[in-house]
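Me: Could you take a close look at the core of this structure and walk me through it, with the terms explained as you go?

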Amino acid sequence: RMRVLQLTDNLGEPPVWVKAAMIGATACAVVHAVLVILSPTIIGSHAKSDPQCGAPDIHHVISAPEEHYPQRYSVAVMRAMLAVAMNVCFAVVCFGICTFQYDRVRAGKAPPVSPAVGCTLLLGVIYNATYLTVLCCQTNRLFMHQSELGNLELATRAALPVVDLAPMMAILFLAARMRALWMGRENPQGWAQSFFITATLCLALCAVTRGLEALTKHTLVLR
């Protein structure tokens, strides 16, 4: 929305397909949250707690008795489908931001995406990719009847506490840009934009480091 207002002098609207993707992503997120809240009731009271967040882990094969398997499979499939749909909608919105054009843009060419918006997109990609990877690994582990975490799931789970900072950083970046627009400037100060990029790269590097650290510890334990 901010990108469109910038390119149209506050006169335009995002394309209909981008608006539909926004609504779709929001609906998927809400339904997914409700499903996670209701999952202990759907599956039963024997679900084992996830060591990462303390919530019931519906994917742990040995966590529920045999009669609860159909419910766990159903919930796992629904969660995976909602997560994939939400990420597809997110990708559509990102594509719309990067490709939006308008006839009345100065000199006939749209300016590049601002650093604040670009960093926000990158943070969104990191956040969604990490959680989608964890969910896919959990679902695969459930259907393969495996109780041990694979290397990919182990690394991405270890990175979750770092990745959880991404939404707050994105809100801060967008708030700084909105403040600049309100003051009549296209972008915040140059040094502020430099810190946007630096903070985003630091988060990505820290997430990778946490994943590698978890893999290293796991390897040493096995030895």
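Reply: The largest nonpolar core (a set of buried Ala, Val, Leu, Ile, Met, Phe, Trp, Tyr and Cys residues joined through side-chain atoms within 4.5 Å) has 14 residues, and those with the most contacts inside it are Leu123, Val163, Met169, Phe173, Phe196, Leu203 and Ala207. Two or more residues of this core come from each of helix 4, helix 5 (151–163), helix 6 (166–182) and helix 7 (190–222), where helices are DSSP runs of H or I with at least four residues, numbered from the N terminus. Apart from this core lies another, of eight residues, among them Val93, Cys94, Val117 and Leu121.

This is a predicted model, in which local features need pLDDT of at least 70 and side-chain atom pairs count only at pLDDT 80 or more, while totals for chains, interfaces and linings use all residues. Residues are numbered from 1 along each chain as its sequence is written, and side-chain values use heavy atoms, with hydrogens and water left out.

Leaving aside neighbours within four places in sequence, Val163 is in contact (heavy atoms within 4.5 Å) with Ile126, Tyr127, Thr130 and Ala207.

Helix 4 covers residues 115–143, and Thr120 is found in it. Thr120 counts as buried (under 20% relative accessible area, with a 1.4 Å probe and protein chains only) because its relative accessibility is 17%. Not counting residues up to four places away in sequence, Thr120 touches Ala170, Phe173 and Leu174. Just after helix 4, His145 takes a positive phi of about 55 degrees.

Definitions and conventions:
Buried means under 20% relative accessible area, exposed over 50%, partly exposed in between (1.4 Å probe, protein chains only).
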